[in-house]
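Grab a pencil and open the viewer. Here are a few exercises to work through, each with a solution.

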Amino acid sequence: MHDEVFEHFLDEGLIERVIRPIKSGKEASVHLVRANPRTTGEELAALKIYHPLDRRDFRDESLYRDGEFIKERRIRVALEKKTRFGREVQGGIWVGREWETLHALFAAGTPVPRPIEATDHAILMSYIGDEDDAAPQLHRYRATDDQEVEDLLEQSIRVVERMLFHDVVHGDLSPFNILVWEGRISVIDLPQAVDPKKNRHAEALLARDVERVCEHFARRGVASDPRRIADDLWTAWTFADLVPEELRATLEVGPSGG
Ligand SMILES: Nc1ncnc2c1ncn2[C@@H]1O[C@H](COP(=O)(O)OP(=O)(O)OP(=O)(O)O)[C@@H](O)[C@H]1O
Ligand SMILES: [Mg+2]
C-alpha cells in the first residue's frame, strides 16, 4: 500500500523522495517527504497514508455521520450492511472528509496543514516542522513558562471557535492532534469532523473536544472551565446568524469567559 501511494505521488511529480516516517497512528502513517516545489509550492510535505481497511480502527459511524444522507441506494445499503464494498466506500468517505475539511479550514485562515493533493488512500499536505524535527504534539511539548501555557490555551480555544464558526467540530481534538511550532498551534487529524448544522451530536462532541484540551492545560497548571467555555461557544455560534457581521467580534469567548 505504502509503495503504491509513494509511486503515485512520485509519478504525479508532486514529491521527489520519501525522507522518513514521522509517525504511525491508529488510522494512518505519516511520512516526511521532499516535495517538488514547482508543483506543490513546498520544499517538504507530509504524506498521510491511511491504513488498509482491515487494519483501520473504525470509529463510531452513527455518531459522526449523523445527519448525513447518502443518495445512492446501493452505497447506502453497502454501508449499512458493512460489506467489503461498504468498508471500501467508508474508507473513501473518511479520507474525503479530512480532505474537504482541511480545504475549508485552510481557506478560512484556520491553522491547519494546507492540503495539496489526495487519493482514495492518502493526503499530501504541508508539513509542520523542519528537516530535523516534526512539530511536537501539544501533549509532549514543554512550554518555557506559565505565560506560554496560557497563550497556547488561548490559541487552542480560538481555533475551536474559529472552526465552529466555519461549521466544523473536530470531534477528536486532544493534545495529540494539536501540533506546536514556533509558538503557534496547528490542528490536524480531521477525518471525523462533523458539521454542527447537521449532526445532532455536535454539541456533545464540541464539549468533549474543549474538555480534553482544557484537561491538558489544567495538568500544566492553567485551569479553566471547559463546560462554560463550550457552552458559551455553542451559544455564540447558535446566535451568530442573527448577529450582523460587524458585531460578531463582540461575541468572542475566551478561556476565562466573557
Ligand atoms: N502536516 C503534518 N506535519 C507534521 N507532522 C504531522 C503532520 N500531520 C501529521 N503529523 C504527525 O503524524 C501524527 C499522526 O497524524 P494524524 O493524527 O493525522 O494520524 P492518525 O493516524 O489519526 O493518528 P492517531 O491515531 O495517533 O491520532 C501526528 O500526531 C503528528 O505527529
Ligand atoms: Mg491523530
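**Exercise 1. Find the residues with the most contacts inside the largest nonpolar core, and say which domains feed it.**

Start with the core itself: in this predicted model, it has 61 residues, and A45, L47, L124 and V169 touch the most other members. Next, the domains: domain 1 (2–57 + 87–126) and domain 2 (138–251) each give this core at least three residues. Now zoom in on A45. Leaving out residues up to four places away in sequence, A45 touches I15, V33, A35, T40, I116, L124, M125, S126 and Y127. As background, nonpolar side chains tend to be buried together in soluble globular proteins.

**Exercise 2. Check the length of helix α5, then work out what covers its buried residues.**

Step one: α5 runs over residues 84–107, so its 24 residues at 1.5 Å each should span 34 Å. The end C-alpha atoms are 35 Å apart, which agrees. Step two: pick out the buried positions, G91, W94, V95, E98, T101, L102 and L105. Step three: look at the cover, which includes β3, β4 (115–118), β5 (122–126) and α6 (146–164). Finally, check what follows α5: G109, with a positive phi near 80°.

**Exercise 3. Describe the shell around ligand 1.**

Count first: 21 residues surround ligand 1, with G25, K26, V30, A46 and D189 the closest. Then sort the shell by type: 12 nonpolar, four polar and five charged. Last, trace where the shell comes from. β1 (15–24), β2 (28–35) and β3 (44–50) supply at least two residues each, while domain 1 and domain 2 each contribute at least three.

Terms used
Residues are numbered from 1 along each chain as its sequence is written. Chains are lettered from A and ligands numbered from 1 in the order in which they are written. This is a predicted model: local features need pLDDT of at least 70, side-chain atom pairs count only at pLDDT 80 or more; totals for chains, interfaces and linings use all residues. A residue is near a molecule or strand if its C-beta atom, placed from the backbone, lies within 6 Å of it. Helices (H or I, at least four residues) and strands (E, at least two) are DSSP runs, numbered from the N terminus. Ala, Val, Leu, Ile, Met, Phe, Trp, Tyr, Cys and Pro count as nonpolar, Asp, Glu, Lys and Arg as charged, and the others, Gly among them, as polar. Domain bounds come from an automatic or database domain assignment. A nonpolar core is a set of buried Ala, Val, Leu, Ile, Met, Phe, Trp, Tyr and Cys residues joined through C-beta atoms within 7 Å. A residue is buried if 20 or more other C-beta atoms lie within 10 Å of its own, exposed if 12 or fewer, and partly exposed in between; C-beta atoms are placed from the backbone. Two residues are in contact if their C-beta atoms, placed from the backbone, lie within 7 Å. The expected span of a helix is 1.5 Å times one less than its number of residues.
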